[in-house]
Amino acid sequence: MTSESSLFSHRWLPLFLVAPFMLLIVLFFYAPIFQAFYWSFFLERPFGGGSMFVGSENFVRVLSDSEFWEAGWRTIVFMITGSSLAVLIPLILAVAADRKIRLSLPARNVLVWPKGVAGASIGVVFAFLFNPFVGVLAPLNSIFPGIWAPGIDGTDAFITLIAAHVWGGIPFNFVILLAGLQSIPRTMHQAAAMDGAGPWRRILDVQLPLIAPQLFLTLVLEFTESVTSAFALIDTITKGGPGGSTTLLVYKIYTDGFSGYDLSGASTQTAILMVFVVLLTAAQFLFLGRRINYER
Amino acid sequence: ANIEFWYGNTGVVETAIQDQCAAFNAAQSEHHITCVGQGSYEVSMQKAIAAFRAKNHPVLIQFFDAGTLDLMLSDAVVPVQDELPDVKWDNYITGARAYYETSGGKLFAQPYNASTLLFYTNRTELEKAGITKTPETWEEIIEAARKLKAAGHACPFTTDGDTWRVLEQFSARHGLPIASKHNGYDGLDAEYVFNTTVAAKHLQNLVDWRKEGLVKLGSDTKAGNFTAAFNAGECAMMENSSGSYTASAKAFEGKFELTVSLAPMYQGHERHNTFVGGASIYIMKGHDKAEIEGAKAFLDFLRRPEQQMAFTAATGYVPVTNDVMEAIEKSGEASSPKYATAALGIGSMNDPRTPDTRGIRLGFYVQFRQIFMEETQKAFAGEKTMQAALDSAKKRGDELLRRFEQTYKGAKLH
Amino acid sequence: MNAIDMAIRAAAANIKLTGVTKAYDAQTVVIPPLDVELRAGEFTVVLGPSGCGKSTLLQMIAGLERVSAGQIAIGGREVQDLEPKHRGCAMVFQNYALYPHMSVFDNIAYSLKISGMAKAERIDRVGAVAKMLGLSDYLARKPAQLSGGQRQRVAIGRAIVREPGVLLFDEPLSNLDAQLRHDMRVELAELHRRIGATTVFVTHDQVEAMTLADRILILNKGRIEQFDTPKAIYHHPASVFVAKFIGAPPMNILPVTGDGTVLRLADGQVAAQAPLTGSYQLGIRPEDILLDSKADGRAVTAALRFREDLGSHAILAAELGGSVVRIATPFGAEVLDRGEPSLTFPASRLHLFDAESGRAIPGAFAAH
Amino acid sequence: MNAIDMAIRAAAANIKLTGVTKAYDAQTVVIPPLDVELRAGEFTVVLGPSGCGKSTLLQMIAGLERVSAGQIAIGGREVQDLEPKHRGCAMVFQNYALYPHMSVFDNIAYSLKISGMAKAERIDRVGAVAKMLGLSDYLARKPAQLSGGQRQRVAIGRAIVREPGVLLFDEPLSNLDAQLRHDMRVELAELHRRIGATTVFVTHDQVEAMTLADRILILNKGRIEQFDTPKAIYHHPASVFVAKFIGAPPMNILPVTGDGTVLRLADGQVAAQAPLTGSYQLGIRPEDILLDSKADGRAVTAALRFREDLGSHAILAAELGGSVVRIATPFGAEVLDRGEPSLTFPASRLHLFDAESGRAIPGAFAAH
Amino acid sequence: MIENARSLNIAASLILVVGILYILGPLYLTLVTASQSYEYMLRNGLAWIPGDQLFSNMARVFSETHIPIQMLNSLAVALGDAIATCVLSFLSAYAIVYFRVRWAGVVFALILATIMLPIEIRVITTYQVASNVFSPVNALLDMTGLNGLIANYFGAPVKLEWNLLDTHLGLVAPLVAHGTGTFLFRQFFLTLPRDLFKAARMDGAGPIRFLFDILLPLSRTSFAALFVLTFLSGWTQYLWPLVAASTSDMQTAVVGLARLVPDADGTVPDFPMIMAATIVVSIIPLAMIALLQRYLVQGLVLTEK
Ligand SMILES: Nc1ncnc2c1ncn2[C@@H]1O[C@H](COP(=O)(O)OP(=O)(O)OP(=O)(O)O)[C@@H](O)[C@H]1O
Ligand SMILES: Nc1ncnc2c1ncn2[C@@H]1O[C@H](COP(=O)(O)OP(=O)(O)OP(=O)(O)O)[C@@H](O)[C@H]1O
Ligand SMILES: O=P(O)(O)OC[C@H](O)CO
Ligand SMILES: [Mg+2]
Ligand SMILES: [Mg+2]
């Protein structure tokens, strides 16, 4: 913004314009956040009708609960494997689709389709497709019985989740990364060609560094996306099982709060998770965001 | 008045419930009931809690056994016996009353779809493997299972490892405590003890038998669900609620012969009563008189012997009042397969009792069931030994109990 | 010339295009068959209106664009099927196309790194180039931290570090402001003197073309209009197109008719003496028209319309036989902007073009 | 002047700025207190380096920027606190800022529509403007379907349709190519003649400034360096800044020392006669330096370094007393580019500036 | 370019083939399964060749499930979300970009923060707020002690109540409280030439006229993009409609679909019918993508600046 003072100088109108939206945000975003922090210091009765201030007891309880840490750890594993695959695979596809080849047009279209399929629908489909007896891997199981058992084996269940997450995450990341690739000026490729860099080499030396801002954006957004997508997938595919092996923090908060009526514990976990998210985002911006902010 | 009733069942049971609702609406014109299925007992309960907090709850709601203490202390329900003082509540068999009544003997909820655990076999398949006598003990079941396996049967015995089946019903009929203080009846300061009883041994056995290929869990089966696997003929034997009897009978029709009998004991143990399972109906607070009247009318309607008989016939749930049992006797169809579970179930619930087999009066018990499942699944998956899993379930369960105790500090146990 | 200059003196190579054609498809023939030879070490400026194919030509030489037909030889070697990196060309792009994520050092060193040069040698070579271009202090910076002129120099550094036989520039100065443009122009001329690479320089700008080129190649719709020294192009334009393209304001072009002895303007005034008949176009540059009626040559009367005073001199616009004629007054002269002065067209400064084809008709007047 | 022209002849208003100041914050004072008066109907060109505050000045007059202090009066009325629409100004922007989603008609008519003018009258008025600007055939088109020159005209049409007393232009020609720029310049001059609105025209381009302005306002860091006619600015620059800013190539500035009778260059040669002592800066324009030693004035010897031949004339660069001096050769002259010719500095063409302040010292030499 | 990129092009083609198969595979198998009979599936499991039961399965979705009604709910939620988001984001971005207000930065930061904490993380307490929208007001009154005063004067403290659960408004509102749209519009506004704004002011346009005459028409593509994006996200929401609606007639189609897989029934889930339902549920968003993919792509491109 070059000249601030050439803006409209009305006093009440802008307030009036943002008011409805801010009201909504305060009500449905900030009030719940506040409520979560508030409850994390109280012990709430499930049916209401009594809450007791307990200081940091909830935090002590949650933080000393190994289930919480395990769910946290699983969340991190899911984010790292799921998110990086959900960025890496679209990245590879985008680099491929950026080339002028016959398949790139249909690919640009088809790869966006999953955006129209809800996470829960994806879950229902993948739960069926990865069913050990009737799904795509059933033939494998008939050769090596029990090798694919997502109902018993936590790792298999986890793999199913990630496959479904990546499937649903392709469109958004693909579109952003492709847009980034296409905004690289042609002369940049030409300059590198003159410098002797072949097309393979240019991917590494020119294309990837130049779409770093888009990569950063997808990584940041993928973080929230993985939370949202994970919930729908877990609830429709594994329900957190088997043996809690796919209970990520979001799911744990939901089950603790809704199925377990542990409003205080769930709120405490929410509060902890929020702090974590805010710190993580800040860190992302500090350590990654700053480095890749070059103009063209 | 227009009233609402929430329940958690699906399948044939849901159909039967809806039929009753329709019958009620048809039978009188003063009230109209809308019956809303929530998909499962757990969901129904969590929805109810959420709805109650939002002051959006129905007047009638079906809660399952596991939620009993949570509801008693919730201050969200009115004991049915207070609303309907004139009903002859002692008509209900002791087994059913014990679970839902206060220490003063006042019923909190009206038992509705009462069930208990039974043992089912596919006689056709058993006979194919040369087993002519229905097994009665775990030892016999395993022997039969081995035979079935030898005969090439893929799934001799199936269970889902559900807490109700493998822990609660098992402990009750073997006369074992689940928690101290007589499963919590004597105070909120109870502690879990199941990891030290024979139940622990049994669970370890299940792990071993599964490894051997004799026992399959739901997710081991093709059908993905143990009842479905049994009903489809995939598995030859199962332990299941009486409430799934009709579904099995229907599925077997014309294909297999079904037997149903008392749940198996370990040899050398005295048989005790089983808990009443299934669910009962509560009247929730915060509704006006007209709605309460409607609720009472519906409850009265449900208690009618012919309604109970029809419901039993349609589902396999056990009528837990003495008068209905008599009515069945009198109907002349007592030996009909549609009442097969009635006498059997009542018999099972009426076996000799101890203070540990009255029921379960433990806080946050629904969550404990989750924890128990989660931990035992880890043992089944081979991640830890069953004993370790049970120890950890006890530890986590005790934490729940302590938190419950703290949450309801000052509240008195009814 | 010092040691550093020696170190990066290129082995200039000549460039020969034979029947080079470029068509994107049957309809869009951007360059019809083209034959031209650029001498080794020569500085050629390619000039032409937008879309005439200048960049296309450059990119075909560089190997960034395939030729549809014909041969390109660099230093006697046919290269049209070789990859860019094997042609010994280097290129400076309009927006420089510097790698924004690499430091100045890495930008310049990138081609050396790819060619597998050892690190120590790379540092030496980049150091020499940076010193020559006055970039030594900026090697660690990113392009975004440089001024326009510095970026330009990095782009040049990147091009010359490989000691290419051929240096290609595609409008490298067009994004700079006037002052910087002037300075960079002088620097480029100096650089060419020192490096000696065969240079092809595409521009829109006449002043650049006139001051930098050994020879100017004027393209019109992919065809060569003229390829000659700046002087020849200015003083002996081969066509009306060239005549109007070069010079600011451009050459005045007036339709004339010859009756065998004189050429007459549309209004009947005699503009020049020539033994020709038929229609022609007569050209005369604004600064060649004399307001002084005593001078040598034909005098015609025109009506002055307006004057643009540029300080150093003025441009007068006059109406003559239905056309507007622009006259540049000499430096320092004070002139009127109204009236009907007589204009003198010195015969030695006149150009005659065919009325149809627009091609110059040489020798129509006494040579000068 | 026909009826149409009459219809949109503006009521020109004078603009008076008194102590007008603009500061974005304590550190960035863009315009220190400024006093200036632009006469009604006058065409003022504002010229200055990038960032000197030209646009800021214009926008303060227009009401798009707040003044930090001072008064602006338009036609005698104080306007600094009025909304843009109440100031009677119209503005043409650099990229025209046409509404891309509106037709040409709607673009031009928009301000009328907002002011509540009846539809029939709007159509008349826009029709008249369009006719005057040769846009009648394009009224239904969207801006994207117009050429650069046509867009420019729509932008002007939009500005003049309200018959503003003041017309403001912010570098309106800077995005056009040379040819179009020239044509639009001529059109603008013509338009101003017909409309007669007080015009303030911001540009970077000297040629535009010289040819369009009644008076040129030269800004330097928000301060007025000189405000005078183009001729005066060119021939009597008030400071070194102005002298170097106007003219291409710019005026040569050489440090000299006076000993009471003559001014000597750094190398001791006598550059001019003057009864002054101390250090000064001597200015002379490239085209004023004569290579002809027989001419009037002081002759000094310089070493030619190089030549840039522009066709019509050449620019020679010579070294003189440690400075580079540029000499513009007369049109048509043939000159060498090496050697040590003697240069004549005609006394009447010399400018003298204070060594410190850079302000001109008038009357130092014989007047011209 | 004259260079041998054959190897790369072949590799790229292979990658795209794999990518397309990965995307299409599940979709194809869904379609195939949806076209089998339940009995066929029970006998043979997953089929690879389409059967002929697609329409009868779909017909069952319409006759036997709540999905048709739930699709209407989904439509209401998606449309409500999309329209409200478009309008509110547009207005707030307008206020932030085009007005000289000191709080613009703070408000924008507050709005932007909503992107980082999805509703899945804060669902428990959002549910609490939705159950009584006035609960923050009540809490505020309690905390400030105002309620004590009120109770003194009027005999009872103020307890306002407005329950949004099980209403369409309640399903939509928390979804709208999300900053992506504001971000998108702001980015777009910043790419518009400043001079356009100045020109409009010179022409005499005030904030409202500028909004309607200039900004709105120019923002059409951004609107379309945001509309598609939020419509899709509204349609595909799962957790919020799952908890915020307790009757199947208020639930959205996606929740209803997930509910078709029974928790524990004595039967193998009717996957052909479920897959047919999946298709039915996804058909509107898929059609939307097919039709408006162009805008979606344009909308997602606004990343830098
Ligand atoms: N990929 C292409 N397909 C079709 N036509 C093209 C393609 N690339 C360029 N052209 C056309 O070829 C012609 C020459 O383009 P080129 O870029 O060489 O022009 P230029 O002389 O460099 O113009 P400028 O001065 O504007 O840079 C133009 O008319 C252009 O439209
Ligand atoms: N909003 C602002 N805050 C701070 N400084 C500003 C702001 N807007 C402009 N400036 C500064 O004010 C000075 C004058 O800007 P202005 O746009 O008037 O210059 P200009 O003469 O028009 O330059 P140009 O020729 O590049 O258009 C510049 O140094 C600029 O950086
Ligand atoms: O399956 P049901 O209905 O018999 O119920 C079993 C248990 O009691 C549920 O808690
Ligand atoms: Mg070009
Ligand atoms: Mg400016």
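How far is an oxygen atom of ligand 3 from an N or O atom in the side chain of Trp164(B)? In this predicted model, the distance is 3.3 Å. The legends below cover this site, the site of ligand 1, and the interface of chain E and chain B.

**Figure 1. Polar contacts of ligand 3 in chain B of the predicted model.** Besides the Trp164(B) side chain, at 3.3 Å from an oxygen atom of ligand 3, the view includes Arg369(B), with a polar side-chain atom 2.5 Å from an oxygen atom of the ligand. At Gly278(B) the partner is a polar backbone atom, which lies 2.9 Å from an oxygen atom of ligand 3. The protein buries 87% of the 300 Å² that ligand 3 exposes when taken alone.

**Figure 2. Residues around ligand 3.** The shell contains Tyr41(B), Phe64(B), Asp65(B), Ser115(B), Trp164(B), Ser241(B), Gly277(B), Gly278(B), Tyr317(B) and Arg369(B). Divided by class, these residues are four nonpolar, four polar and two charged.

**Figure 3. Polar contacts of ligand 1 in chain C.** Three side chains are shown with their distances to oxygen atoms of the ligand. For Thr56(C), a polar side-chain atom is 2.4 Å from an oxygen atom of ligand 1. The corresponding distance for Ser55(C) is 2.5 Å, and an N or O atom in the Ser50(C) side chain is 2.6 Å from an oxygen atom of ligand 1. On its own, ligand 1 has 640 Å² of accessible area, of which the protein covers 57%.

**Figure 4. The shell around ligand 1.** Ligand 1 is surrounded by Tyr24(C), Val30(C), the residues Ser50(C), Gly51(C), Cys52(C), Gly53(C), Lys54(C), Ser55(C) and Thr56(C), and also Glu171(C) and His204(C). Helix H2 of chain C, residues 54-62, contributes three residues, the largest share of this shell. By class, the shell has six polar, three nonpolar and two charged residues.

**Figure 5. Interface of chain E and chain B.** Here 21 residues of chain E are in contact with 20 residues of chain B. The buried area between the two chains is about 1,400 Å², and carbon and sulfur atoms give 44% of it. Two residue pairs are in polar contact between chain E and chain B, both at pLDDT 80 or more. On the side of chain E that touches chain B, helix H6 (123-131) and helix H14 (239-244) are the elements that give two or more residues. H6(E) gives the most, with three residues. This side of chain E has eight nonpolar, eight polar and five charged residues.

**Figure 6. Salt bridge between Lys55(B) and Glu161(E).** The two side chains meet with an N to O distance of 3.9 Å. One salt bridge is found across the interface of chain E and chain B.

Terms used: Residues are numbered from 1 along each chain as its sequence is written. Chains are lettered from A and ligands numbered from 1 in the order in which they are written. This is a predicted model: local features need pLDDT of at least 70, side-chain atom pairs count only at pLDDT 80 or more; totals for chains, interfaces and linings use all residues. Side-chain values use heavy atoms; hydrogens and water are left out. A residue is near a molecule or strand if one of its heavy atoms lies within 4 Å of it. A polar contact is a pair of N or O atoms within 3.5 Å; within protein, one must be able to donate a hydrogen and the other to accept it, and residues adjacent in sequence count only if both atoms are side-chain atoms. Accessible areas come from the Shrake-Rupley method with a 1.4 Å probe; for residues, only the protein chains shown count as cover. Helices (H or I, at least four residues) and strands (E, at least two) are DSSP runs, numbered from the N terminus. Ala, Val, Leu, Ile, Met, Phe, Trp, Tyr, Cys and Pro count as nonpolar, Asp, Glu, Lys and Arg as charged, and the others, Gly among them, as polar. Contact means heavy atoms within 4.5 Å. Buried area is the accessible area (1.4 Å probe) that two parts lose on being put together, summed over both. A salt bridge is a side-chain nitrogen of Lys or Arg within 4 Å of a carboxyl oxygen of Asp or Glu.
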